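Welcome, and please get your viewer ready for a short walk. We will go from one selection to the next and pause at each to see what is there.

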Amino acid sequence: MNKLDEVLADLAAEGDQLESLVSTLTDDQWRAQTPAEGWDVATQIAHLTWTDEVAVIAATDKEAWDAGILEALVDPVHYVDNAALEAGKADPADLLARWRAARPLLVKTLREYPEGEKLPWFGPPMSPTSMATARFMETWAHALDVYETFDAVLAPTDRVRHVVFLGTITRKYAFVMNGLPVPEEDVHVSLTLPSGALFEHGSPDATNTLRGSAYDFALRATQRRHRHDLDLVATGPIADQWIDIAQAFAGPPGSGRVASV
């Protein structure tokens with residue numbers, strides 16, 4: 001299994017897990033408020049659906065993609081959120097059917113995309129593997145919001161490594177998006193995955209380090225938890241500042257979540 005197939009398999013598994021919950025919900029439960037302010041369950045699923053569909057358009061229909069970019073330029077800050085909020089107004093059964101169709105189509109599209117070529121996107125162009133990794137990160141994060149809405153507790157899996165990887169390689173991007181000078185010094189990341197395996201990145205000789213739980217770092221990089229609620233130890237000023245602003249997602253930094261205590 002190559003890297004793309006690995007990520008696509010994990011993306012499918014993550015989506016299947018979320019579908020197993022939302023497919024049992026009543027219409028009223030689809031309208032339940034999630035921890036993301038202003039977003040009910042339907043909006044969460046609508047966002048995943050819309051982004052999967054747009055990724056397919058980016059890969060297959062240049063004319064439609066270019067038209068979407070022109071639309072996005074009218075209000076680039078709110079474009080994606082507005083699309084989710086609008087799509088989330090649909091009947092839950094229709095929305096679920098739309099999501100079920102979008103997910104396998106995205107997998108097929110990315111698997112068949114010409115090797116060595118990149119898809120256009122709202123930021124830099126992305127390889128199929130990078131797109132699949134980004135879609136995994138969003139599916140994981142928005143699924144977490146849905147699970148928490150219904151107090152569903154799921155055992156963490158090593159699939160979270162894709163979020164950890166994305167959160168790690170976007171370190172400099174997080175500084176840029178927060179209007180901060182980008183440090184040149186490296187950060188050595190050594191985090192423990194749910195299985196006990198280690199995820200490591202960066203030079204072992206770096207004086208700035210990040211240690212702790214890989215799952216908790218994924219929560220931080222998707223801004224689902226405040227750093228003070230997590231098993232993460234940042235040593236050095238760069239690592240410490242990074243954990244305050246880490247974001248695995250594109251676009252402006254979010255407001256994050258407040259500490260539990």
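Which residues does Arg31 touch, not counting residues up to four places away in sequence? Select Arg31 and show its surroundings: the contacts are Asp40, Ala42, Gly88, Lys89, Ala90 and Pro92. Keep in mind during the tour that this is a predicted model.

**Stop 1: Arg31**

Arg31 sits in the loop that runs between α2 and α3. Colour by accessibility and Arg31 comes out as partly exposed, because its relative accessible area is 35%, between the 20% limit for buried and the 50% limit for exposed. Now draw a distance from the side chain of Arg31 to the backbone oxygen of Gly88, and you should read 2.6 Å. For a second distance, pick two C-alpha atoms: Arg31 and Ala42 are eleven residues apart in sequence, and 6.3 Å separates them in space.

**Stop 2: Thr34**

Stay in the loop between α2 (27-30) and α3, and select Thr34. Is Thr34 buried or exposed? Thr34 counts as buried, because its relative accessibility is 5%, under the 20% limit. Leaving aside neighbours within four places in sequence, display its contacts: Trp39, Asp40, Val41, Gln44, Asp145 and Thr149.

Two polar contacts of the Thr34 side chain deserve a label. One of its polar atoms lies 2.7 Å from the backbone oxygen of Trp39. The other contact runs from side chain to side chain, linking Thr34 and Gln44 at 2.9 Å. If you would like a long line across the view, join the C-alpha atoms of Thr34 and Ser127: they are 32 Å apart in space and 93 residues apart in sequence.

**Stop 3: Thr51**

Move on to helix α3, residues 41-60, and select Thr51. Thr51 is buried, because its relative accessibility is 4%. What does the side chain of Thr51 reach at 2.7 Å? Follow it to the backbone oxygen of His47. Beyond four places in sequence, Thr51 touches Trp121, Arg135 and Glu138. Leave Trp121 selected, as it comes back at the next stop.

**Stop 4: the nonpolar cores**

The largest nonpolar core has 57 residues, and the members that touch the most others are Trp121, Trp140, Leu191, Leu210, Phe217 and Trp242. Which helix gives the most to this core? Colour helix α7, residues 128-149: it contributes eight residues. Apart from this core lies another, of 17 residues, including Leu18, Leu21, Val41 and Trp99.

Return to the largest core and centre on Phe217. Its contacts, again without residues up to four places away in sequence, are Val164, Gly167, Thr168, Leu191, Leu210, Leu232, Trp242 and Ile243.

**Stop 5: helix α11**

Trp242 and Ile243 lead to helix α11, residues 237-245, whose buried residues are Ile238, Ala239, Trp242, Ile243 and Ile245. Show these five side chains and look at what surrounds them. They pack against the helices α8 (161-169), α9 (171-177) and α10 (214-221), and against the strands β1 (187-192), β3 (208-213) and β4 (232-235).

**Stop 6: the second largest pocket**

Turn on a pocket display and look for the second largest pocket, with a volume of about 250 Å³. To find its centre, select Leu144, Tyr147, Leu154, Ala155 and Tyr215, the closest to it among the 17 lining residues. Helix α7 returns here with five residues, the largest share of the lining. Both α1 (3-22) and α7 supply at least two residues each. Coloured by class, the lining shows eleven nonpolar, two polar and four charged residues.

**Stop 7: two positive phi angles**

Most residues other than glycine have a negative phi. Asp151, however, has a positive phi near 55°, and so does Gln223, with a value near 55°. Find Asp151 in the loop between α7 and α8, and Gln223 in the loop between α10 and β4. How do their surroundings compare? Asp151 counts as exposed because its relative accessibility is 66%, whereas Gln223 is buried, with a relative accessible area of 9%.

Technical notes
Residues numbered from 1 in each chain as written. Predicted model: local features only at pLDDT ≥ 70, side-chain atom pairs only at ≥ 80, totals over all residues. Heavy atoms only, no water. Core = buried A, V, L, I, M, F, W, Y, C linked by side-chain atoms within 4.5 Å. Buried < 20%, exposed > 50% of the residue type's maximum accessible area, 1.4 Å probe, protein only. Helix = DSSP H or I, 4+ residues; strand = E, 2+ residues; numbered from the N terminus. Contact = heavy atoms within 4.5 Å. 1 Å grid on protein atoms, 1.4 Å probe; cavity = no way out; pocket = protein on both sides within 12 Å on 5 of 7 lines; lining within 4 Å. Points joined across faces, edges and corners; volume = space filled by probe spheres on them. Nonpolar A, V, L, I, M, F, W, Y, C, P; charged D, E, K, R; others polar. Polar contact = N/O pair within 3.5 Å; in protein donor to acceptor, adjacent residues only side chain to side chain.
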